Structures are given as C-alpha cells and as structure tokens.
Amino acid sequence: MLEIKNLHARIAEDETEILRGIDLTVKAGEVHAIMGPNGSGKSTLSYILAGKDDYEVTEGEILFNGENMLDMEPDERAAAGMFLAFQYPIEIPGVATMEFLKTALNAQRKARGEEALSIPDFMKMVKSKAADLNVTMDMLKRPLNVGFSGGEKKRSEILQMALLEPKLCVLDETDSGLDIDALRIVSEGVNKLRSPERAMVVITHYQRLLDHIVPDVVHVLSKGKIVKTGDKDLALELEKNGYADFVNAA
C-alpha cells in the first residue's frame, strides 16, 4: 500500500536536511510503529506523506497503491485514502466540529464520484461513531478543538478517521498529552479501524501506546534514517535501554 524508496527531504525555507534516505514498505492490513528520539525526522515524515509544503523532497519516491504520491496535492491524497492525525490538532474558531466533519466527508465523497450524504444519514453515522469514542453532542456543536482538552482533541481526531475510513492512517504521536483513560479510549477507537484493507503507521516515543495498539513491525528512526527494524519486542528493548545505541550507530 505504501512504498517509500530512498527518501531525502529538507526544510524548504533554510534547506536543512531532515530525511536522509528512508526506505519503508507497508502492506495492507499491517500496523507499523516508527519510534525514535526527538529530532530524528518522525513528524517530518508524516508531514511529507500528507503534503505539507514546508518541506522539499530532494530525492526518492513515495508510492501509494502504486501511484506517485508526490504528484498529488494534499486534498487529492486525502481523497485517495490518506489520513494524518496530528500531534497537536489545530483549533479553528467559528467552525463547528459537526459542520467540519460533514464538509470533509462529503468533499471526499464528491472527489471519489460518490453522492453526498444527506443530513439524516450523516447524523446517524456520526452519532454511532462518536458514542464509541466518548465524543458528546456538546463537543460536536463546539468550534473545532476550541477549548478542548488534550484527550478531547485526540478523540475528535480519531472520530474524523472513523468517519473518513481512510486506507492509510498515519498517527503522529497520538499518545502525546493523554492520560491513561484517554489513551485507552483513543487506542480502542484506532483498533476498531484495523482491517485487512487498511494500513497504519503509528509514530511514537513510548512503548505505552504500543501496549494498546500492538504493531506488526517496529522501526527505529535516527538522524533521518531507519537504523533498525524488528517486531513488537523491539519497542520493549527501546523502553528498557533507550535510543543511545541506535543514535550512535546512525
């Protein structure tokens, strides 16, 4: 589903190189975790996958279901099935969460040549999925993420993902700012979306998220390169010994 080949990228403004030759293959049905110290390039990779224009790809390619992702605009990537859950979801005053969700969902349906959902059908869908994530109707009426706690913002992100039903889910440090209860609720929401037709890339610093969202493959990213790949036990090794050996190797 996702194939990254020799990806090099830098910050567009000052040409600082961040990614230095990433190779990564993620098949449908798989969950891959990417771990690494601060500044290793984890969030940069997620932004480049989503099409954020602050970064410039200088070498390599990204294929999404065989299509060159780098030729697609961010909205085209989303319509094709790419979803990024932000580490720090943005507050948008004046835009009700419910209206945002309906507009996003119907925009993607239109891009795929599907009919827009009627308001009754949309309400039925959103109420069902919101209940699973403890997202209240009061939250849905409020401006998007405005005044939300960290846990509420992350639950709102996973609700977006549940409604849009993407093929490729990239979760950028979804556990950031969550207490134990919020982490459990968010993780349960993510796990309900696991399927043989969907792939996930989970970016995190900590093993605790991977206790809830158990990955098939774990990668260690350091200084812009993947320096180690293993199974879920690799995350336990990192929790025990830290990143120092991998940073030195990089």
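Is E114 buried, partly exposed or exposed? E114 counts as partly exposed, at 35% relative accessibility. In this vocabulary, buried means under 20% relative accessible area, exposed means over 50%, and partly exposed lies in between (1.4 Å probe, protein chains only).

The legends below describe a predicted model, in which local features need pLDDT of at least 70, side-chain atom pairs count only at pLDDT 80 or more, and totals for chains, interfaces and linings use all residues. Residues are numbered from 1 along each chain as its sequence is written, and side-chain values use heavy atoms, with hydrogens and water left out.

**View A. The salt bridge between R112 and E114.** A salt bridge is a side-chain nitrogen of Lys or Arg within 4 Å of a carboxyl oxygen of Asp or Glu. By this rule the model has 15 salt bridges. In the pair shown here, the closest N and O atoms of R112 and E114 are 3.4 Å apart. R112 is partly exposed, at 37% relative accessibility, and E114 is partly exposed at 35%.

**View B. The salt bridge between E61 and K5.** The N to O distance in this pair is 3.5 Å. E61 lies in strand 4 (residues 55-64) and K5 in strand 1 (residues 2-11), so the salt bridge ties together parts that are 56 residues apart in sequence. Strands (E, at least two residues) are DSSP runs, numbered from the N terminus. E61 is partly exposed, with 30% relative accessibility, and K5 is also partly exposed, with a relative accessible area of 32%. A network of salt bridges links E3, K5 and E61.

**View C. The open sheet of four strands.** The strand order is 2-1-4-5, and the pairing is antiparallel. Two strands pair if DSSP finds at least two bridges between them. Strand 2 (17-26) and strand 5 (67-68) each have a single partner strand and stand at the edges, so one side of each has no neighbour in the sheet. Strands of a sheet pair through backbone hydrogen bonds, either parallel or antiparallel.

**View D. Strand 1 beside strand 2.** These two strands run antiparallel and are joined by seven bridges. R10 stands opposite E17 in strand 2. The side chain of E17 also forms a salt bridge with R20, at 3.8 Å from N to O. Both residues of this salt bridge are partly exposed: E17 has 33% relative accessibility, and R20 has a relative accessible area of 34%.
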